[in-house]
Every structure is written in C-alpha cells, then in structure tokens.
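Biologist: I've got this one open and would like to go through it with you. Start with the ground rules, please.

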2 protein chains.
Amino acid sequence: MADETSDVVVVGAGLIGLATAWRLAADGIQVTVCDPTPGSQTSSVAAGMLAPVTEVEFGEDELLALNLASVAAWPAFAEELEALTGQSAGLNRTGTLSVAYDIDDAAAIRRLADYQRRLGLEVEELTGRQTRKREPLLAAGVAAGVWVPGDHSVDNRQAVATLLKAAELTGVRIIRQRVTRILTTGTTAVGVELEDGTSLRAGQIIAAAGPWSAQLAGIPDELKVPVRPLKGEILRLRVPEAYRPALNHTVRATARGFAVYLVPRPGGELVVGATTSELGYDTRVLAGGVFALLRDARTVLPITDELELVETVAGLRPATPDNAPILGPSGLDGLLWATGHYRNGVLLTPITADVIAETVRTGVLPKLAEPFLAARFGAMPKVTR
Amino acid sequence: MADETSDVVVVGAGLIGLATAWRLAADGIQVTVCDPTPGSQTSSVAAGMLAPVTEVEFGEDELLALNLASVAAWPAFAEELEALTGQSAGLNRTGTLSVAYDIDDAAAIRRLADYQRRLGLEVEELTGRQTRKREPLLAAGVAAGVWVPGDHSVDNRQAVATLLKAAELTGVRIIRQRVTRILTTGTTAVGVELEDGTSLRAGQIIAAAGPWSAQLAGIPDELKVPVRPLKGEILRLRVPEAYRPALNHTVRATARGFAVYLVPRPGGELVVGATTSELGYDTRVLAGGVFALLRDARTVLPITDELELVETVAGLRPATPDNAPILGPSGLDGLLWATGHYRNGVLLTPITADVIAETVRTGVLPKLAEPFLAARFGAMPKVTR
C-alpha cells in the first residue's frame, strides 16, 4: 500500500490543532492537519474571552494555574503570529468587568471575588455607581461590580484566520477531509484514515478534534476519552457608529441569577453568550436560547434593543467531566490528546500548543500538564512515554 | 433616440406588480416589468395572512369591502395560477384563531368581535378552554378566543415564485433593473428611465413599487403619493417533526397588550410577526424587535422555546395615511398607481391585479376601487381617464 506519510498528523484544524501544528512546523517537523472545514466549528462560534479569573470555579486550582500560564503566554503568542503573518491575532487587552444586576446577584459575585482574592488574583470590588462609571450604558440599577484587569478577550475568528495563515506560511499541509479512523498496529497508532478512504501514515498523531474527539474510530474502548458536545448559542450584534463603543470592557453579568457575557470588539461587533444545552451534536439555534440571551443582555445593557442582530449561531464546547482539558499521552504509543478544552479553548491555545509541541519533541509531558492526562478518568491508560 | 418600447411597463416585481403584469399579458398585451430583484423585498418578507376580518379597524369599512372582495377572489386566482404553472400558489385555507392571553386582552378582542359581527362578518367567540381545544399547545392560561373561519393565509414566498413563473410563461418580459425616473411629455407619462441610463417607452405605466413608489423621480411634486416605508421585523421558525403541527390555524394573539401573530405552513415553518418601526428605509434587524416577537410568541405558545430560529428579517410595508392602498389614475395620463398596500399586499393581490388590468383595458376604474384614488390625499390630481 503506497500510503502518504507525514512526521505528524493533527486531527482537527480549530485553534488548538492549528496552533500546535504551527509550533511543530516551526521546529522543522513535517506536519499535516486534517479537517473538512478548518477553523469553522467551535473556534469560530466562540466569544473568545480570556478569563482565567472570571471563569474559575471553586476547587479548580490546577486548572486555574494552567489558565493563568496561558493568559500570560497570549501577548507573546499574538506578537509572534502577527510578526509572521502581518495580520492581527485579535488580542484585545481591555480587562473584564463583572456586573451584578440586583442585590442577590451582588452577593454571588462577591463570594466569587473573595475566593479569587484568596487565590492571589487581582480583583477590585466596586459599588453600583463605580461600576456604571466604568460602563455608563449599563442599566441604571446595577447593584455592584468587580473589576478584573487581567481577564482579556480575543477575536476568535480573527485568531483562527491568522493561525491558519501562520500554519500555511510555516509549511503545514492542510487536508480538507474528515479523519474517520485512527490506524493502529498493536498498541501503536501509525496513521489515520480519511473520509475518501485513503490513509496517511505518521510517527505521531495529535487528536485535537474538540467535541468530535470521542467519535474517532480505531481507539480501543478503554482508551477513549469522555469528551462530549455541550451546545451553546451565541449572538453577534452590531453597534451603530453613533453608540460606539457601547462597552469599553468585556462585561460578565449576573442578571436576576442568569449569567450572560457581552464581549465588545474594536470594529463595533458585540458578542453575547452563551446558552448551555446537553443536546448532543445538535447545532440548531433554538428560539428559547436566543430569547434568554436577549432578555439577559437587555437587562444589564438596555441599549441592546437598538443594536442590529447580525448573527445567531450555535457551537459545541468539548466538555469533560471535570471541566479541564485532556492533554498528552493516550495509552496508545504515537497518539497524543489535545482536546476537552470546554469553555477555555481560546484561552488555552498558546499553552496547549507549547505543551504538546514539547511532548512531541522531548517525549516528556511538561509538569504543568500532568493533572490533565486522560488517565485521570476511570479506566486508566498507562502513561507510555 | 432608439428607445425600446412596450405596451405596458410595470415598475416593481412584487406580488402586486407581477400579478398585474400576468393579468395584462394574458389579455394579449405586451408587458415589461422592471425590478432589480424581483419578488425579494416586501413580498418575500411578509407573513402572508389573508385577514380581511382580523385586520379590520374601526371605521375602515370601504377598505373592508375591498379586502373581502379580494379574499373571495383568492381561491380562483390560486387555481388559475396553479393550472398555468403546475406549482402551488401557497394558499392555505385553515382559518384564523384570535387568542387573548389575559382578561384585559380578552376584553380587547371581544370589542373587535362585536364590531366585526355588526359588519356581518362570521366570527365565533370562544372560552379559554374552547380556544385551547382548537390549539392544544397554546399557553394553559389563555383567557379567550375568537374563531374566524374566513381569514386564511398564503405562503407569500411560494406565491411570488409562482407568480414570477406565471408572468414569464405568459410572455411578460422581466428587466432586472431599477427604474430611476418616470419620463413625461407635458402631462403624459411616456416611459421610464432605467438605472443603466437606457429608456423604455410605453403607452401605459403602472407604478407598483411599494414603499419605493414615493421615490420615483419625474412625477410632479403635487402628484406624488404619500407612501412611506413602515419597517417590520419577522421571524421564521422551524417546528421539529415530533411537534408538528405546533399550530393548526393562523393564530393572532394579544399577549399582555402586545399583538403577535403566528402563521403555520404545511412544511413545518412557523412565521412570527411583526414589529412596527418608523425608521425610513432601514432594514436592519434590531435585537429589541426580535426580543419582543420571541417574548410574545412564547407567552401564548410556550413551545416556541423549542423551535429552531431559522431566519430573522426586516421588510418595509408601503404605508399610507389612511392604511388603504392607492389605486388607479395618478393625474398624469399614462401612469396608474398600484401601491400603498400597507399590511394587506398579499391579501389584495388578486383584486388589485383585476382592477388595474380592467382600468388599462377599458380606461375606467372599477367602482369598488374609487375610494382608493390618489386624489383623496391633499393636493388633488384630477381624474384624467
């Protein structure tokens, strides 16, 4: 069989797959990325918050360390990308304002601020009046706020377009086909099969297929990963020039107990998200999801009513049982996971690419990533590298 | 100047323009219709209710007579179209249910039902329980209903596609260009100028340009018509097969004082409309409009939340000061109006086409249309035919 070969095959051309491919190719490694529609799924739907602080939940300390390392890596990562491609990576460093609509909401964001402060994170509690001073178009009655200077955002569509260009400039080969199967010989992954029936041999395979990672055939059942699609609807609004900027910072609001975020982009786009639905691979935009997002957005930012609704879209987060990604050895020689990034894919792109590239180069998973081995879930694949 | 010529030029290829052109061409008249995007504006955005009864307002008796004549003409009109083209005209004769959400809403729909009954229209008042028996997925608390067996609906997109085909089959020539000017000689309209600068001479011009009718250059100021664009946002939802039919009839609801309508189509589409905004020719879909439609739809039909939101779109109703159309002589010989149909364009398509075709043929406006002369608005053009 005259199969084609590559040093490394990356399954999935989202942000994670493309960044990893770019890093490896920059080291002189021959890399092929397979994806039927590069950059067009979860990476394109996301809002792009870099929120190591405002996304943290009680008890997720190891994930927080990874998040903080990655947000710290973003500026240099963006600069490198921009120097190579001559186009923006979409990083927007304007900080995040947590907003509580009523006094019950205020109690909730204060509890989280306390926890964040105990973790040594930089947060500043604000009165309602101070909150509106930072964002004058917020509802008159907002009860309180928390200023989080270290949580930024990325225009994820810009980022994925720039990463695709960077990968191509660095010699990464993109095959616009779906991988249907991981090919193995004994306990070693040796290549992938594509939807047209052809195969591609590689010494190293990186599975970065997000919520589709669990569907890859050819992996023994006991080594499959518990990644599942968690649907989210999101809206893209356009702020008319006369009202710009409607917001100066990313706003994460709790509005009568409902969470909503509003992420402004320099060009007048305002991204509003996101719903959460366990509906498998269904990406229909449901009326109830759009209703809930509009209801909560206009509660905290009344001018929402006057903004153009440009797009409604649904994507699939790659969720895991503990909300943390799955990184590194899979139990099959030659197959590494880079998946399960849940809500934090944009944030974790630089650190994931570095961690996986280093593992390929050295054969050793960096210490920072050890808590995120697939082995932590039930049937324990042994770490074979 | 070697201008092209046609017996009749129709300005505008919406439902009104196409139906009129078809009727004239079927009489052996040479007809040209000019429109940059046939069938794609107001005629495509509309919901397609045939609602002579449920749309009637106190005091609009002459309009009601025209509406009733046109709804009566729809079945034969649809049959003729279907026989000619071999495709559906989109008529859906399943009646309309007026629904009142709370007791204040019930008082409002009862007052209108009384008025309708005094006009001799067929309406049947229902209790909340009777209303839900006809539409079991309505909200549990709906207070009352009125059954209106004579108000139907048309799939307007299907209708305009079928009319376009009928016009072409009958020999109507379609020029995909905007008319920029009516050409006149003294007090006679003699042709039109197109956006590419060419002219088209005709013995008879019919202005059926909906909300753009007021913008036609070349018409003396005192003969211009007071048609203005009245924006409306509308949603198209898709009912999953498991829930079909979510509704059996057109539902026109009053929900906590807000009016909303839901028009089901046989294929599972559910059209929800419509907002009303005086914003000129602006067709941006605003978040506040979509929010209001979803809020009211889910109030009366809770399952709305589970339906796919397939499309949000805004169109421009051709509104007039008295909500009635402008039909017939313009004050310029050779120019007839067929515009200003406001909310009733789909409904009034058959009667408008018949009235205008008869006027062209005989030189006399049918008596039924006399209340709708442009002359009723201020500066009185004399009736010259």
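Modeller: Helices (H or I, at least four residues) and strands (E, at least two) are DSSP runs, counted from the N terminus. What you see is a predicted model: local features need pLDDT of at least 70, side-chain atom pairs count only at pLDDT 80 or more, and totals for chains, interfaces and linings use all residues. Residues are numbered from 1 along each chain as its sequence is written, chains are lettered from A and ligands numbered from 1 in the order in which they are written, and side-chain values use heavy atoms, with hydrogens and water left out.

Biologist: Okay, where does A:Pro245 sit?

Modeller: Follow the backbone from A:Arg244 into A:Pro245 and you cross a cis peptide bond, with omega near -20 degrees. As for its place, A:Pro245 is in the loop between β13 and β14 (250–255) of chain A.

Biologist: And in chain B, which residue has a positive phi although it is not a glycine?

Modeller: Chain B has a cis bond too, joining B:Gly273 and B:Ala274 with omega about -15 degrees, and B:Ala274 is in the loop between β16 (269–273) and α7 of chain B. For the phi, go to the loop between β14 (250–255) and β15 (258–264) of chain B. The residue there with phi of about 50 degrees is B:Arg256.

Biologist: How do the chains relate: what turn lays chain B on chain A?

Modeller: Superposed by least squares on C-alpha atoms (pLDDT of at least 70 in both copies), chain B lands on chain A with an RMSD of 0.0 Å and a shift of 0.0 Å along the axis. The turn is 180 degrees.

Biologist: What kind of axis is that, and which residue of chain B has its C-alpha nearest to it?

Modeller: That relation is the one of a two-fold axis. At 3.1 Å from the axis, the nearest C-alpha in chain B belongs to B:Phe291.

Biologist: Which element gives the largest share of the side of chain B that touches chain A?

Modeller: Counting contacts (heavy atoms within 4.5 Å), 19 residues of chain B meet 19 of chain A. Both α7 (287–300) and β17 (308–319) of chain B supply at least two residues of that side. The largest share, 7 residues, comes from α7(B).

Biologist: How much area is buried between chain B and chain A?

Modeller: Buried area is accessible area (1.4 Å probe) lost when two parts are put together, summed over both. B:Ala287, B:Phe291 and B:Leu309 supply 35% of what chain B buries against chain A, more than any other three residues. Carbon and sulfur atoms give 67% of the total, which is about 1,600 Å².

Biologist: Inside chain A, how far apart are the centres of domain 1 and domain 2?

Modeller: The bounds come from an automatic or database assignment, which gives domain 1 of chain A as 4–47 + 158–227 + 321–377 and domain 2 as 96–149 + 229–319. Together the two bury about 1,300 Å². Over C-alpha atoms, their centres are separated by 31 Å.

Biologist: Last one: which residue does A:Arg236 meet in a salt bridge?

Modeller: The rule (side-chain nitrogen of Lys or Arg within 4 Å of a carboxyl oxygen of Asp or Glu) finds 40 over all chains, yet 0 across the interface of chain B and chain A. A:Arg236 is in β13 (residues 228–238) and its partner in β16 (residues 269–273) of chain A, so the pair ties together parts 33 residues apart in sequence. At 3.7 Å, N to O, the partner is A:Glu269.
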